[in-house]
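Biologist: I am new to this structure and should like to understand how its descriptive terms are justified. May I put some questions to you once it is before us?

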Amino acid sequence: ERTIDLGSYDGDVPNNGGDEGETSPPKGLTWNRDPIASLSDWTIVVTSKESKKTKTYHVHKCVVGAGARSSQYFLKLFSTTELEECQTCTSNLDLEETAAVAFPRMLDFVYASREIEVQA
């Protein structure tokens, strides 16, 4: 029989990005939190076709593929095992500059449980 020490739990959650030793209440599932702390299970790398700048997003398959505001693209992708993406758990998307800039707002919408304000 093998025993794994998971450490002690005192009810506090580490504050991601705060001062050492500070704690904060648990946060909801989100794409812009530390990928390890949020148990992210998929990575999306967005590259702008024009500027060639890349940005990496750590997401959750259950949200982007099966959530209330899920993407049909990701649902189909997650439903297959034949693509290389499924082996690496990473999607590489080449988007127009405006779409690449708007991508985090799209993720905000997918993850939001309420309507979000869109500003031009």
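Modeller: Let us begin with Thr 47, which lies in strand E3. Please bear in mind that the model is predicted.

Biologist: Why is Thr 47 called buried?

Modeller: The relative accessible area of Thr 47 is 16%. Buried means under 20%, so Thr 47 is classed as buried.

Biologist: Which residues is Thr 47 in contact with, leaving aside its neighbours within four places in sequence?

Modeller: With those neighbours left aside, Thr 47 is in contact with Lys 52, Lys 53, Thr 54, Leu 93, Asp 94 and Leu 95.

Biologist: What makes Leu 29 partly exposed?

Modeller: Its value is 43%. Buried would require a value under 20% and exposed one over 50%; Leu 29 therefore counts as partly exposed. Leu 29 is found in the loop between strand E2 (23-24) and strand E3 (42-48).

Biologist: Which residues does Leu 29 contact, beyond its neighbours within four places in sequence?

Modeller: Leu 29 is in contact with Ser 38, His 60, Cys 62, Val 63 and Tyr 111, those neighbours being left aside. Val 63 is 34 residues from Leu 29 along the chain, and the C-alpha atoms of the two are separated by 8.6 Å.

Biologist: Leu 39 is in a loop as well. How do you know that Leu 39 is exposed?

Modeller: Leu 39 has a relative accessibility of 67%. The cut-off for exposed is over 50%, so Leu 39 counts as exposed. Leu 39 lies in the loop between E2 and E3, and its phi is near 60 degrees, a positive value in a residue other than glycine.

Biologist: Why is a positive phi worth remarking upon?

Modeller: Because most residues other than glycine have a negative phi. Cys 89 also has a positive phi, near 55 degrees. Cys 89 lies in the loop between helix H3 (84-88) and E5.

Biologist: How do you know that Cys 86 and Cys 89 are not joined by a disulfide?

Modeller: The sulfur of Cys 86 is 7.7 Å from the closest cysteine sulfur, which is in Cys 89. A disulfide requires two cysteine sulfur atoms within 2.5 Å, so the two are too far apart for a bond. A search of the whole structure finds zero disulfides.

Biologist: Are Cys 86 and Cys 89 buried or partly exposed?

Modeller: Cys 86, at 17%, is buried, because its value is under 20%. Cys 89, at 29%, counts as partly exposed, because that value lies between 20% and 50%.

Biologist: Let us turn to the interior. Which residues have the most contacts inside the largest nonpolar core?

Modeller: They are Ile 44, Tyr 57, Val 59 and Phe 103, in a core of 18 residues. The elements that give two or more residues to this core are E3, strand E4 (54-59), helix H1 (61-64), helix H2 (72-78), strand E5 (90-95) and helix H4 (97-111). H4 gives the most, with five residues. Leaving aside its neighbours within four places in sequence, Tyr 57 is in contact with several residues, including Trp 31, Trp 42, Ile 44, Phe 103 and Leu 107.

Biologist: What makes the pair of Tyr 73 and Phe 74 edge-to-face?

Modeller: The structure holds five aromatic pairs. In that of Tyr 73 and Phe 74, the ring centres are 4.9 Å apart and the planes are 80 degrees apart. A pair needs centres within 6.5 Å, and edge-to-face needs an angle over 60 degrees; the pair therefore satisfies both conditions. Trp 42, Tyr 73, Phe 74 and Phe 78 form one aromatic cluster.

Biologist: Why are Tyr 73 and Phe 74 placed in separate exposure classes?

Modeller: Phe 74 has 5% relative accessibility and counts as buried, because this is under 20%. Tyr 73 has 42% and is partly exposed, because this lies between 20% and 50%.

Biologist: Which ring does the charged end of Arg 69 sit over?

Modeller: The charged end of Arg 69 sits over the ring of Phe 109, 4.2 Å from its centre. Lys 61 lies over the face of Phe 78, at 5.8 Å from the ring centre.

Technical notes. Residues are numbered from 1 along each chain as its sequence is written. This is a predicted model: local features need pLDDT of at least 70, side-chain atom pairs count only at pLDDT 80 or more; totals for chains, interfaces and linings use all residues. Side-chain values use heavy atoms; hydrogens and water are left out. Helices (H or I, at least four residues) and strands (E, at least two) are DSSP runs, numbered from the N terminus. Buried means under 20% relative accessible area, exposed over 50%, partly exposed in between (1.4 Å probe, protein chains only). Contact means heavy atoms within 4.5 Å. A nonpolar core is a set of buried Ala, Val, Leu, Ile, Met, Phe, Trp, Tyr and Cys residues joined through side-chain atoms within 4.5 Å. Rings of Phe, Tyr and Trp (its six-membered ring) pair if their centres lie within 6.5 Å; planes under 30 degrees apart count as stacked, over 60 as edge-to-face and the rest as tilted. A charge sits over a ring if NZ of Lys or CZ of Arg is within 6 Å of the ring centre and within 35 degrees of the ring normal.
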